[in-house]
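The exercises below go through one structure, from its open spaces to its sheets and two single residues. Try each task on the model before reading the solution.

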Amino acid sequence: MLTIYRAKDYKDMSRQAANLISAQIIMKPDSVLGLATGSTPIGLYERLVKRCKKGDLDFSRITSVNLDEYKGLSPNNEQSYRYFMNDNLFDHVNIQKARTFVPDGTEENEEKACKDYDEIIAQVGGIDLQLLGLGRNGHIGFNEPSDSFPKGTHCVSLTQSTIEANQRFFEKATDVPTKAYTMGIGTIMQARKIVLVASGTDKAEALAAALCGPITPQVPASILQLHPDVHVFADEDALKDVKF
Ligand code: F6R
């Protein structure tokens, strides 16, 4: 079942999504949260931090597993997703750092990195709530449009346009990651609850294709139509092409 929460704007979307994630933490204090990086969740992370600082939210028994990480980037690299998570959430709430998991970008052996991460997800008992952002091409995690839905964690080669877009963040072109480790679509679909956040007109086409179009690996997020418990928090701009 898919529920759409229509928000006025980014702020309103962040507030509503933070409410649902807060409710999850309150109702199940030992939840396993699947988390995302990117610009869309920043506003909701800010709200979770505020609530934790006020004493209204307790992360002490929470476990987290992130969607993805660049291959070759260490946790102290400011462009790594581990750094992003520390900076935007983990350093500001009472989560136990040892219970926060991100694929190991420093692991050279791709097969090992992916197998290890799938084992971690299995060991923590699977994901209670998976937070997702949406790519302009309908990607979720680093699962880009393709001919199939990958099941488990896998290593992806970044597209030339992604590599070029990332170049401005790095001193040398050779420092720019060309690959990433990402959770698979199968693992995402096994999460007991999914929260998708989308904001802005540049997400409108992808959101409409994901929610109303055919289910196809060419629009990876379209598979969410088959999940029993999806909550979509999107603002009016992102929802402009969604007609129900
Ligand atoms: C991030 C991730 C990506 C982003 C997506 C949207 O961990 O897996 O799929 O969620 O690219 O990014 P933003 O929110 O920056 O538009």
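On a 1 Å grid over the protein atoms alone, a pocket is an open set of points with protein on both sides within 12 Å along at least five of seven lines, a cavity is a set of points where a 1.4 Å probe fits but cannot get out, and lining residues have an atom within 4 Å of a point. Grid points are joined across faces, edges and corners, and a volume is the space filled by probe spheres set on the points.

The model is predicted: local features need pLDDT of at least 70, side-chain atom pairs count only at pLDDT 80 or more, and totals for chains, interfaces and linings use all residues. Residues are numbered from 1 along each chain as its sequence is written, and side-chain values use heavy atoms, with hydrogens and water left out.

**Exercise 1. Describe the largest pocket and its lining.**

Step 1. The largest pocket holds about 1,100 Å³ of space. Its lining has 37 residues, and the closest to the pocket centre are Gly38, Ser39, Tyr70, Tyr81 and His139.

Step 2. Helices (H or I, at least four residues) and strands (E, at least two) are DSSP runs, numbered from the N terminus. Strand S4, helix H3 (81-88) and helix H5 (160-166) each give two or more residues to this lining. H5 gives the most, with four residues.

Step 3. For the classes, Ala, Val, Leu, Ile, Met, Phe, Trp, Tyr, Cys and Pro count as nonpolar, Asp, Glu, Lys and Arg as charged, and the others, Gly among them, as polar. The pocket lining divides into 15 nonpolar, 15 polar and seven charged residues.

**Exercise 2. Find the cavities of 30 Å³ or more and compare their linings by class.**

Step 1. Searching the whole structure gives two such cavities. The largest has a volume of about 40 Å³, and the second largest contains about 30 Å³.

Step 2. Residues lining the largest cavity include Ile21, Leu33, Tyr45, Phe59 and Phe90. Strand S2 (32-35) and helix H2 (42-53) are the elements that give two or more residues to that lining. By class there are 10 nonpolar residues, no polar and no charged ones.

Step 3. The second largest cavity is lined by Phe142, Glu144, Val156, Ser157, Leu158, Thr159 and Thr162. Here the classes are three nonpolar, three polar and one charged.

**Exercise 3. Work out the strand order and edges of the open sheet of seven strands.**

Step 1. Two strands pair if DSSP finds at least two bridges between them. The order is S1-S10-S9-S6-S2-S3-S5, with parallel pairing. Strand S1 (2-7) and strand S5 (100-101) are the edges, each pairing on one side only.

Step 2. S1 is joined to strand S10 (residues 230-235) by six bridges, and Leu2 has Val230 as its bridge partner in S10.

Step 3. Strand S6 pairs with S2 over two bridges and with strand S9 (residues 193-198) over four. Gln130 is the bridge partner of Gly34 and also stands opposite Ile194 in S9.

**Exercise 4. Describe the open sheet of three strands and the helix that packs on it.**

Step 1. The order is S4-S8-S7 and the pairing is antiparallel. The edge strands are S4 (68-70) and S7 (154-157).

Step 2. S4 and strand S8 (residues 179-182) share three bridges, and Asp68 stands opposite Thr182.

Step 3. Contact means heavy atoms within 4.5 Å. Helix H4 (residues 110-123) packs on the sheet and touches S7 and S8, its direction making about 25 degrees with that of S8. Axes are lines fitted to C-alpha atoms, for helices over the stretch in contact, and angles run from 0 to 180 degrees between N-to-C directions.

**Exercise 5. Is Phe84 buried or exposed, and which residues does Phe84 contact?**

Step 1. Buried means under 20% relative accessible area, exposed over 50%, partly exposed in between (1.4 Å probe, protein chains only). Phe84 has a relative accessible area of 16%, so Phe84 is buried.

Step 2. Phe84 lies in helix H3. Leaving aside neighbours within four places in sequence, Phe84 contacts Ala36, Thr37, Gly38, Ile42, Tyr45 and Leu89.

Step 3. Ala36 is 48 residues away from Phe84 along the chain, and their C-alpha atoms are separated by 9.8 Å.
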